[in-house]
Amino acid sequence: MAEPVMVKCKCCHNEIERDTAYNPSPKMYYCNVECFQKKQQEKNKKKKKKVVDKDYEELMEILTNIYGSKMNNGVMGRQIRLLKDNYNFTCRGMILTLDYYQTILKKNINTNYFSFYGIIEGCYIDAKNYWLEKQKIKKAIEEYGFDDKTKKVKVVERSRNLKDKLKVEEF
Ligand SMILES: [Zn+2]
């Protein structure tokens, strides 16, 4: 009797018989449909993570530039995580908050380790409002233009939709 050909499950790595394995595409073997679905879910999770990581990497790069030799990736990483968990802040929002703190408030960042958390905690909402307002004005100028007589930005009914749309954007 011929020995059965053994293959490894792409999900749990158990040795399984090739002839009875779940085989949705060439050279892809799984114990069963459950293992296949589990693997697909893991793949999707990784994809989602990558999108988040891009902003995270940019934020870490900015922090490295600010903190220089005092930069500590572990400490910063924990602070970022806490800000996300405690307030649902995003990395993109934190980047914009740092920019707001430095270029709009014109403040210098104290480069001791704990300053980052406090700055974001204290300024995030102000920075977000500032950013949203700026976007709103920008859009209004683009879409409706200035009214020459009053020198004011015309706000029309459609701006409500605009506001709703902006809320879900980057912050
Ligand atoms: Zn398996």
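## A guided tour, starting at a hairpin

Start by selecting strand β3 (residues 22-25) and strand β4 (residues 28-30), an antiparallel pair joined by two bridges. Strands here are DSSP E runs of at least two residues, helices are H or I runs of at least four, and both are numbered from the N terminus; two strands pair if DSSP finds at least two bridges between them. Show Y22 next, and you will find Y30 of β4 standing opposite. The two strands make a hairpin with two residues between them, and K27 in that turn has a positive phi of about 65°.

Before going further, a word on what is on your screen. This is a predicted model, in which local features need pLDDT of at least 70, side-chain atom pairs count only at pLDDT 80 or more, and totals for chains, interfaces and linings use all residues. Residues are numbered from 1 along each chain as its sequence is written.

**Zoom out to the whole chain**

Colour by pLDDT, the predictor's confidence in each residue, from 0 to 100. The protein chain averages 84, and 81% of the residues score at least 70. Select residues 150-168 and you have a stretch where pLDDT stays under 50; the model gives it 17 contacts beyond four places in sequence. A contact means that the C-beta atoms of two residues, placed from the backbone, lie within 7 Å.

Now switch to cartoon view: there are five helices and six strands, running in the order β-β-β-β-α-α-α-α-β-β-α. Of the contacts between residues at least 6 apart in sequence, 46% join residues at least 24 apart. Of the 171 residues, 16% count as buried, that is, with 20 or more other C-beta atoms within 10 Å of their own C-beta, placed from the backbone; 12 or fewer makes a residue exposed, and anything in between partly exposed.

**Into the cores**

Next, select L59, I80, L83, F89, M94 and I120, which touch the most other members of the largest nonpolar core, a group of 17 residues. Such a core is a set of buried Ala, Val, Leu, Ile, Met, Phe, Trp, Tyr and Cys residues joined through C-beta atoms within 7 Å. Two or more residues each come from α1 (33-67), α2 (73-87), α3 (91-104) and α4 (115-144), with α4 giving the largest share, six residues. Centre on L59 to see I80, C91, M94 and I95, which L59 touches beyond four places in sequence. Then try C9, C11, Y29 and C35, which are among the eight residues of a second, separate core.

**Along helix α3**

Isolate α3 and check its length: because 14 residues at 1.5 Å a residue (counting one less than the number of residues) should span 20 Å, the 19 Å between its end C-alpha atoms agrees. Its buried residues are C91, G93, M94, T97, L98, Y100 and Y101. D99 is also in α3, but counts as partly exposed because it has 13 C-beta neighbours inside 10 Å. Draw a C-alpha distance from D99 to I62, 37 residues away in sequence, and it should read 9.9 Å. Just after the helix comes K106, with a positive phi near 55°.

**Across to α4**

Which residues does C123 touch beyond four places in sequence? Select C123 in α4 and look for T97, Y100 and Y101. C123 is partly exposed, with 19 other C-beta atoms within 10 Å. For a last distance, the C-alpha atoms of C123 and M94, 29 residues apart along the chain, are 9.4 Å apart.
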